[in-house]
Amino acid sequence: LLFDGKTFANWEDPTKKSPPGDSFTIEDGCLKATAHPRITEDLFTREVFRDFEFAFDWKIAPGGNSGIKYRIQDHLFLGAAQSAKFEDQVNASLKNLPVGRPARGQDYVIGLEYQLLDNARNPDARNGANHQAGGLYDVFAPSRDATRPVGDFNHSRLVVRGSHVEHWLNGAKVMDGSLDAPEVAQGFGRRWGAGSLVYELLVKQPRKTCPISLQNHDSEAWFRNI
């Protein structure tokens with residue numbers, strides 16, 4: 001187990017950072033992403049993984065959004081917004097990395113994402129099927145909506161072997177794809193701009209041995225049996 005139900009053992013405890021983070025707490029045997037934290041940041045495993053199977057239970061608040069980030073290439077605090085477009089802000093921050101850890105802000109994780117979402121209420125679900133729960137965000141849509149009603153726990157499994165990736169949701173394999181497929185470059189190119197710094201990291205993935213993170217997307221989500 002990567003979570004004992006009681007402590008942040010095996011995870012980078014945000015409360016021990018300086019200044020301390022408030023993006024995750026432990027509640028009722030779950031790691032819980034908090035809504036509207038002072039510092040919006042993911043919870044990272046201490047261990048790194050190359051080929052793996054990652055199983056977990058999760059539930060989301062009504063209208064909520066979260067995810068599992070893997071093949072993480074970098075993460076960085078965003079600098080002062082110079083553009084109304086979020087993707088431009090991330091690319092600009094990657095060129096000129098902010099120094100230090102702020103008391104408030106967002107630590108953005110550049111990696112692949114197993115999407116966790118309230119498909120019915122969160123508006124991101126209407127931005128394309130590859131933004132819905134179980135999909136590889138921006139790239140591969142889930143084959144069907146296998147989520148349970150919001151408020152119930154779902155069971156997910158993420159399988160990574162080389163460039164082969166599978167997303168399972170409540171016993172169904174909802175995504176099976178290759179990270180070498182043209183859809184990967186196409187999907188990230190549409191969002192980040194082909195040739196941008198973030199695009200190059202996500203498509204080429206120079207780092208293959210990486211931590212896994214639970215995403216805080218500014219809404220409540222619960223994780224257990226990890």
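Begin by selecting the residues that line the largest cavity of this predicted model, which divide into seven nonpolar, one polar and four charged. To bring them up together, select K69, Y108, V109, G111, L112, E113, Y137, D138, F188, R191, W192 and L202, the residues that form this lining. The space they enclose has a volume of about 80 Å³, and a search for cavities of 30 Å³ or more gives a count of one.

Next, colour β7, residues 105-117, and α2, residues 182-192, since these are the elements that give two or more residues to the lining of the largest cavity. Of the elements, β7 gives the most, with five residues.

From the cavity, turn to the open sheet of seven strands, and follow its order as β1-β2-β12-β5-β8-β9-β10, where the pairing is antiparallel. At its edges select β1, residues 24-27, and β10, residues 172-178; each has a single partner strand, so one side of each is left without a neighbour in the sheet. If you then look across the sheet, neighbouring strands are turned by 25° against each other on average, with direction ignored.

For a closer view of the pairing, select β8, residues 154-161, together with β9, residues 164-169, which run in the antiparallel sense and are joined over six bridges. Which residue of β9 stands opposite R157? Display the side chains here, and you will find that R157 faces W168 across the pair, standing opposite that residue in β9. As background to this view, strands of a sheet pair through backbone hydrogen bonds, either parallel or antiparallel.

Terms used: Residues numbered from 1 in each chain as written. Predicted model: local features only at pLDDT ≥ 70, side-chain atom pairs only at ≥ 80, totals over all residues. Heavy atoms only, no water. Pairing = 2+ DSSP bridges. Helix = DSSP H or I, 4+ residues; strand = E, 2+ residues; numbered from the N terminus. Axes fitted to C-alpha atoms, helices over the stretch in contact; angles between N-to-C directions. 1 Å grid on protein atoms, 1.4 Å probe; cavity = no way out; pocket = protein on both sides within 12 Å on 5 of 7 lines; lining within 4 Å. Points joined across faces, edges and corners; volume = space filled by probe spheres on them. Nonpolar A, V, L, I, M, F, W, Y, C, P; charged D, E, K, R; others polar.
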